[in-house]
Amino acid sequence: MSSQLHLNAFLMGVGHHEAAWRHPRTDARNVLRAGYFQELARIAERGKLDSVFFADLLSVGSRIERNTQTTFEPITLLSAMAVATEHIGLIATASTGYNEPYNLARSLASLDRISGGRAGWNIVTSVGADEAANFGYAELPDHAGRYRRAGEFVEVATALWDSWEPDAVVLDAATGIFADPDKVHTVDHVGERFTVRGPLNVPSSAQGRPLLVQAGSSESGKDFAGRWAEAVFTAQRSIPEGQDFYRDVKARAVAAGRDQDEVKILPGIVPFIAESEAAGRRLEREFTELISPEYALRQLSQMVGVDLTGYPLDAPLPPLPPLEKIQGNKSRYQLVKDLASRESLTIGDLIAELGGGRGHRTVAGTPEQIADDLQRWFEAGAADGFNVMPPYLPGGLTDFVDQVVPILQARGLFRTDYTETTLRGHYGLRPHIGRYARVVAGVGG
Ligand SMILES: Cc1cc2nc3c(=O)[nH]c(=O)nc-3n(C[C@H](O)[C@H](O)[C@H](O)COP(=O)(O)O)c2cc1C
């Protein structure tokens, strides 16, 4: 277990609550303003958070008329945020399904260089059929195949990031040498799906390569996390479930030959912060009342793999298909199914419960209560830190930074200032030493 928490701000439009943009605490026009996102990054940096993060989808799908969250491509947006900040990490979601490793390794290496070693990559396989339709696929590629492609994709991307040794750039104007060709390597990858010669055309950054982040919770997802992830985002609803997941992923990392501290587990939390618990709940209800049921039904239909259009809100969920039939997000399907049966929720209850963070845990209360909750999870070994998902922005982030963070700091649970300069450093990891540098170091003793 880490000695202090790691905190990531998961930013989305004007907040995670699906009705956030209709609430007077937000200004929906912000979703298309780069300056607003730069300001969010500065607020998170004021709180000394480890990183900010953007999710991404490669489609608009059924979301268009009700959803404000579909805006900028994350690497581009984070590049704008990089120049507005100095310390905070910048994590971009990018798909292994619909990119080529060379292009994506290059974009992420560019963000890593632009930010001085603060880039991270949330590796996703993409679970939407509407995304597949934008890339020439008649249907969503199957779950196992997507993870196989992701594995080979990350092999290639990481090889490309290693292709420049740290001291390969010479920049000697007197001799006219830009780079030492002996320290820049081809990768010569020939695999099932990709053939890539390399080297990359961007030299490595101060942290060696971007931080690798992942969020799959199925068996293949957890194996993948054990092999590759340095931080894992996850939706866990209770401390026992969180502890199981935590132990499971750490054990898979050890089985893959890694140290268990090399992977940090960050469950999501949606905090409604107010002056009392009752006021927090009231605030949450204000948002719930703004949910559009037919839009929420469409979202829920996607999660459970059944078209719920026309079902009454006071009815329970109909029988759901078995897990094996779900080709999209298996873990979210399981979470919603368990939640509905454990708490005997109707479709309407589920819509309210999922509105805040699509299944992530919502907590309403005072700053002390939120801090107590985070501390309990951390000390129980259910989390190394948290993926903080403000239900509305910027207020939900400002309140977290100005009211919850100082309590965590006073308790010695969170840094009071940055002690490292790179994203890997913030997460307690050393700079990545590429495979060629390692060989040279080994030969030289
Ligand atoms: C916090 C969090 C953020 C995620 N962000 C994205 C995203 O931006 N884009 C995406 O396609 N999938 C995203 N996912 C989905 C995961 O990448 C993964 O596909 C999903 O958890 C299903 O994996 P599984 O089938 O292994 O359970 C996210 C999941 C979580 C928990």
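Let me start with T125 in this predicted model. Leaving aside its neighbours within four places in sequence, T125 is in contact with S95, T96, G97, R146, Y147 and A150. Where does T125 sit? Its place is the loop between β4 and α4, and α4 covers residues 129–132. Is T125 buried or exposed? Its relative accessibility is 10%, so T125 counts as buried, the cut-off for buried being under 20%. One of its contacts is polar: the side chains of T125 and R146 are joined at 3.1 Å.

Y147 was on that contact list, and Y147 takes us to the ligand. Around the ligand there are 23 residues, and the closest are D56, H143, Y147, S218 and S331. What does this shell consist of by class? Seven of its residues are nonpolar, 13 are polar and three are charged.

Now some distances. From an N or O atom in the side chain of H143 to an oxygen atom of the ligand, the distance is 2.6 Å. For the side chain of T93, the corresponding distance between an N or O atom and a ligand oxygen is 3.5 Å. With A215 the backbone is involved: one of its N or O atoms lies 3.0 Å from an oxygen atom of the ligand. How much of the ligand does the protein bury? The ligand alone exposes 630 Å², and 93% of that is buried by the protein.

Which elements supply the shell? At least two residues each come from β4, which is residues 119–124, from α5, and from α10, which is residues 330–342. Of the contributions to the shell, that of α10 is the most, at three residues.

Next, the cores. In soluble globular proteins, nonpolar side chains tend to be buried together. Here, the largest nonpolar core has 92 residues, and M81 and W121 have the most contacts inside it. Helix α5, residues 143–162, gives this core its largest share, nine residues. There is also a second, separate core, with 23 residues, including L308, Y333, V336 and L345.

Back to M81 for a moment. What does M81 touch, apart from neighbours within four places in sequence? The contacts are L11, F37, Q38, A41, V52, F54 and L90.

V83 is a useful contrast to T125. V83 is found in the loop between α2, residues 74–82, and β3, residues 89–95. V83 counts as exposed because its relative accessibility is 63%, and the cut-off for exposed is over 50%. Not counting residues up to four places away in sequence, V83 touches Q38 and I114. Q38 is also among the contacts of M81. As for distance across the model, V83 and G359 are 276 residues apart along the chain, and their C-alpha atoms are separated by 33 Å.

Now a charged residue, R252, in helix α7, which runs over residues 239–255. Is R252 buried or exposed? R252 has a relative accessible area of 16%, so it is buried. Its side chain makes a polar contact of 2.7 Å with the side chain of D248. Beyond the residues within four places in sequence, R252 is in contact with E219, K222, D223 and G226.

Last, a few backbone details. Which peptide bonds are cis? One is the bond from G198 to P199, with omega near -5°. P199 is in the loop between β8, residues 195–196, and β9, residues 211–214. Another is the bond from L393 to P394, where omega is near 5°. P394 lies in the loop between β13, residues 385–388, and α13, residues 395–410.

Then there is phi. K48 is not a glycine, yet its phi is positive, at about 60°. K48 is in the loop between α1, residues 34–46, and β2, residues 51–54. R358, also not a glycine, has a positive phi of about 50°. R358 is found in the loop between α11, residues 347–355, and β12, residues 361–365. With a relative accessible area of 18%, R358 is buried.

How values were computed
Residues numbered from 1 in each chain as written. Predicted model: local features only at pLDDT ≥ 70, side-chain atom pairs only at ≥ 80, totals over all residues. Heavy atoms only, no water. Core = buried A, V, L, I, M, F, W, Y, C linked by side-chain atoms within 4.5 Å. Buried < 20%, exposed > 50% of the residue type's maximum accessible area, 1.4 Å probe, protein only. Helix = DSSP H or I, 4+ residues; strand = E, 2+ residues; numbered from the N terminus. Contact = heavy atoms within 4.5 Å. Near = heavy atom within 4 Å. Polar contact = N/O pair within 3.5 Å; in protein donor to acceptor, adjacent residues only side chain to side chain. Areas by Shrake-Rupley, 256 points an atom, 1.4 Å probe, with all protein chains shown as cover. Nonpolar A, V, L, I, M, F, W, Y, C, P; charged D, E, K, R; others polar.
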